[in-house]
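Me: I am new to this structure and should be grateful for a close look at its salt bridges. Please explain which residues take part and how exposed they are.

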Amino acid sequence: MLDTQNLDNAKSMSIIVTKGSLDWAYPPFILGTTAAAMDVEVTMFFTFYGLTLLKKDLNLKFTTLGNPAMEMPMMGMHMPMPNMMGMVPGVGAAAGKMMKNLIKKKGVASIEELREAAIESEVKMIGCQMTLDLFEYDRKDMIDEMEIGGAATYMEKALRSDINLFI
């Protein structure tokens, strides 16, 4: 058991969030909310495809491509998902549905729930201004709690942070 009373050296953490798929959404939100629960000041900077995680309406996809370690629990064993399977039409959607069902069955919090926990824990979430402009996103489609900033805004936080993560 971790003794959180003795974490004198970790008081702030920044996370760059660059991926917006279902499988890549979990690590930054889990780490961010866990750190916040341990009284660490957390800033998450959402850029490029990670910015989609701050949309009001999430429609997260799951990707099997580029993940050769992916195994899905099926029929009492772990079935490897060959990389090439992701190229077959419909396989990515089916894998995503299977993953969402598994998440629900195992009682794992949804990304929406984790994002809400981050908001309630006062995690600072910064949406990249350049990415908003580049992909022509409208501010009204994003959550109200999102602050807008650029690389300099992130760097101000990162330079003062005890922990910096790139996910």
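Reply: The following account takes up the salt bridges one after another. The model is a predicted one, and 4 salt bridges are found in it. As a general principle, side chains that carry opposite charges can pair when their charged atoms come close.

One of these bridges joins K157 to E41, with 2.9 Å between the closest N and O atoms. K157 belongs to helix 5, which covers residues 151–160, whereas E41 belongs to strand 2, residues 41–46, so the pair ties together parts that lie 116 residues apart in sequence. The two partners may also be described by their accessibility. K157 has a relative accessible area of 15% and is therefore buried, the limit for that class being under 20%. E41, at 45% relative accessibility, counts as partly exposed.

A further group is centred on other residues: D138, K140 and D141 are linked in a network of salt bridges. Within this network, the side chain of K140 meets that of D138 at 3.7 Å, N to O. The side chain of K140 also meets that of D141, here at 3.8 Å, N to O. K140 has a relative accessibility of 55% and so counts as exposed, since that class begins over 50%. Its two acidic partners are described by another class: D138 is partly exposed, with a relative accessible area of 36%, and D141 is likewise partly exposed, at 39% relative accessibility.

Terms used:
Residues numbered from 1 in each chain as written. Predicted model: local features only at pLDDT ≥ 70, side-chain atom pairs only at ≥ 80, totals over all residues. Heavy atoms only, no water. Helix = DSSP H or I, 4+ residues; strand = E, 2+ residues; numbered from the N terminus. Buried < 20%, exposed > 50% of the residue type's maximum accessible area, 1.4 Å probe, protein only.
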